[in-house]
Amino acid sequence: MTARHYRVVVIGKRVKHIVIAIALVACSLPAGATEPVQPLLAELTSPTVPALPALEQVALVPRDELTDEDEPQQQDASELFTLEELKDKGSDAVELALPDVDLPQADIPLALNSKVEYFLSYFQTRGKQSFSRWLSRSSRYIPMMKEILKREGMPEDLVYVAMIESGFHLQARSVANAVGPWQFISGTGRRYSLRIDQWIDERKDPLKATVAAALYLKELYGMFNGDWYLAAAGYNAGENKILRAISMYNTSDFWELSRGSYLKRETKEYVPKLLAAAIIAKDPARYGFSDVAYLSPIEFDIVKIPSRTDLELVAKLTGTTYETIKELNPDLRHWSTPPNYPDYELKVPKGTKLQFDAAYGKVPEDQRYTEKVLYTHYHARKRDSLKGVARRYSTTPDALAELNGLSKKSRIAGKTLVVPARQTVDFSHEGRSAATAGTAKGGYAKYYTVKKGDTLTSLAKRFNVSSKLLSLWNNLKVRVALKPGRRIIIAKFIEKNGEMVPEARKS
């Protein structure tokens, strides 16, 4: 607040008038400063939005990030690509809205407060271009996602979780390596039976990933006693983070939890951002989104592929393009269906199933797949030369220069080059068997890190489980002292009828 200085000249009867004037000025000053509204999450920033300081940047990348290897030996299949695939990986930048508000009908509770209003305003101003793209893509996937959520007994408006997670961009990837429209990290994805290996990443499949998200949200909803705000916050931060916040602040009200300093700003803003997105998306014209070019809903047939098959062949037999087949099957990481995966279910354009089946059956198995030259990346070191790298990868300097758009005299130190792979992939050892190895079967556990003052009894009460069961899970004696820093199991889940459900709480 800027201080104002007054020079008061006290001359006889004017003293009284000056005192009154000073009192009026003092009364006109604000009683207190209002806490500034938190700026938008880092993942929503765009070239038109200033960068935010001291925040975990959640940058969505519309393609897989391949690891650069200093040594050329032993690249796995996920690092290899054809030149056609390299050209196909164009970018679709993922960037991330107030009239009088009567909240629309919804099957998740909507609320309106200053935090929600902030995002309503943002989406209509600085974030309008990005939100328009979200709306444009939403019509392509929302009908299918709502159908899946309804089938799983979940509120259909949970589709807006996918909207704020990825803007319905199937190739979205965060700096934490969360992937796909529902932004699963690999561990959580595998927990809900999503296959993730060098050939397939089902986190990008809008159908399979939506099933997994429905199961996860169902679990969170039950864990937080039917509170969708806490379930959404748990989806963002992890359930244990929210459980600890509830214990720390002794409240299960999300808005109260968000007043404290324990939760990160990203989590505090996650629920109001979700609510604002839902409010606008359910009545976009009212909020200034009347000229959105909506995409047609995705439609497809499913065909079973008995052996490894080029997607180019599939495109030819269905009368479409390679790009269309790739778009329908975003979970496929390469140019073909995976090896060692009999009866792989491939999506083809709607109405082409019979045509494909008839034509495909006439193609001999050994003609369904063609070997391709594979490439990988090499990060050139300080003393590397084009000639030396070419020799290492059994090619010529001219070929390597042309491949990377260089001249033969170009300095390559520090550059990442596209180079031909030195070895072919042993496809007989790739695919399904490798993918399923190490995947947890039967169930999984949730853990809690013991803090000072925790007892078996207090933890049992907090996590709604018996002391006897906690001691059984962790091989503890009921009266044993818990050492701070120890990780203990506080919940167990098992697979039942294709779902992960809490293990029966009886010893």
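In this predicted model, Val314, Leu317 and Thr318 of helix H12 make contact with Gln355, Phe356, Ala359 and Tyr360 of helix H14. Sorted by character, the residues of this contact comprise five nonpolar, two polar and no charged. The two helices, H12 at residues 311–318 and H14 at residues 353–360, have axes that come within 8 Å and cross at roughly 115 degrees. The crossing of H12 past H14 is right-handed.

A look at the nonpolar cores helps to place these elements. In soluble globular proteins, nonpolar side chains tend to be buried together. Here the largest nonpolar core holds 87 residues, and the members that touch the most others are Phe123, Phe131, Met163, Trp182 and Tyr235. Helix H11 (residues 265–281) supplies the largest share of this core, with 10 residues. Another core, of 23 residues, lies apart from it and has Val303, Val314, Val348 and Ala421 among its members. Val314 thus links back to the opening contact, where it is one of the H12 residues that meet H14. Within the larger assembly, Phe131 offers a handy point of entry: beyond its sequence neighbours up to four places away, Phe131 touches Phe123, Met163, Ala277, Ile280 and Phe289.

Phe123 leads on to helix H3 (residues 114–124), whose buried residues are Val116, Tyr118, Phe119, Leu120, Tyr122, Phe123 and Gln124. The cover over these buried residues includes helix H4 (128–151), helix H10 (254–257) and H11. At the start of H3, a side-chain oxygen of Asn113 comes to within 3.0 Å of the backbone nitrogen of Lys115.

Helix H11 also carries Lys268. Is this lysine buried or exposed? Lys268 counts as buried because its relative accessibility is 17%, under the 20% cut-off. Leaving aside residues up to four places away in sequence, Lys268 touches Phe254, Ser258, Gly260, Ser261 and Leu263.

Two loop residues deserve a word for their backbone geometry. Most residues other than glycine have a negative phi. Asn340, however, has a positive phi near 55 degrees, and Ser394, also not a glycine, has a positive phi of about 55 degrees. Asn340 belongs to the loop between helix H13 (322–328) and strand E2 (344–349), whereas Ser394 sits in the loop between helix H15 (386–392) and helix H16 (397–404). As for accessibility, Asn340 is partly exposed, with a relative accessible area of 37%, while Ser394 is exposed, at 69%.

Conventions: Residues numbered from 1 in each chain as written. Predicted model: local features only at pLDDT ≥ 70, side-chain atom pairs only at ≥ 80, totals over all residues. Heavy atoms only, no water. Axes fitted to C-alpha atoms, helices over the stretch in contact; angles between N-to-C directions. Helix = DSSP H or I, 4+ residues; strand = E, 2+ residues; numbered from the N terminus. Left-handed = near helix turned anticlockwise from the far one by under 90°. Contact = heavy atoms within 4.5 Å. Nonpolar A, V, L, I, M, F, W, Y, C, P; charged D, E, K, R; others polar. Core = buried A, V, L, I, M, F, W, Y, C linked by side-chain atoms within 4.5 Å. Buried < 20%, exposed > 50% of the residue type's maximum accessible area, 1.4 Å probe, protein only. Polar contact = N/O pair within 3.5 Å; in protein donor to acceptor, adjacent residues only side chain to side chain.
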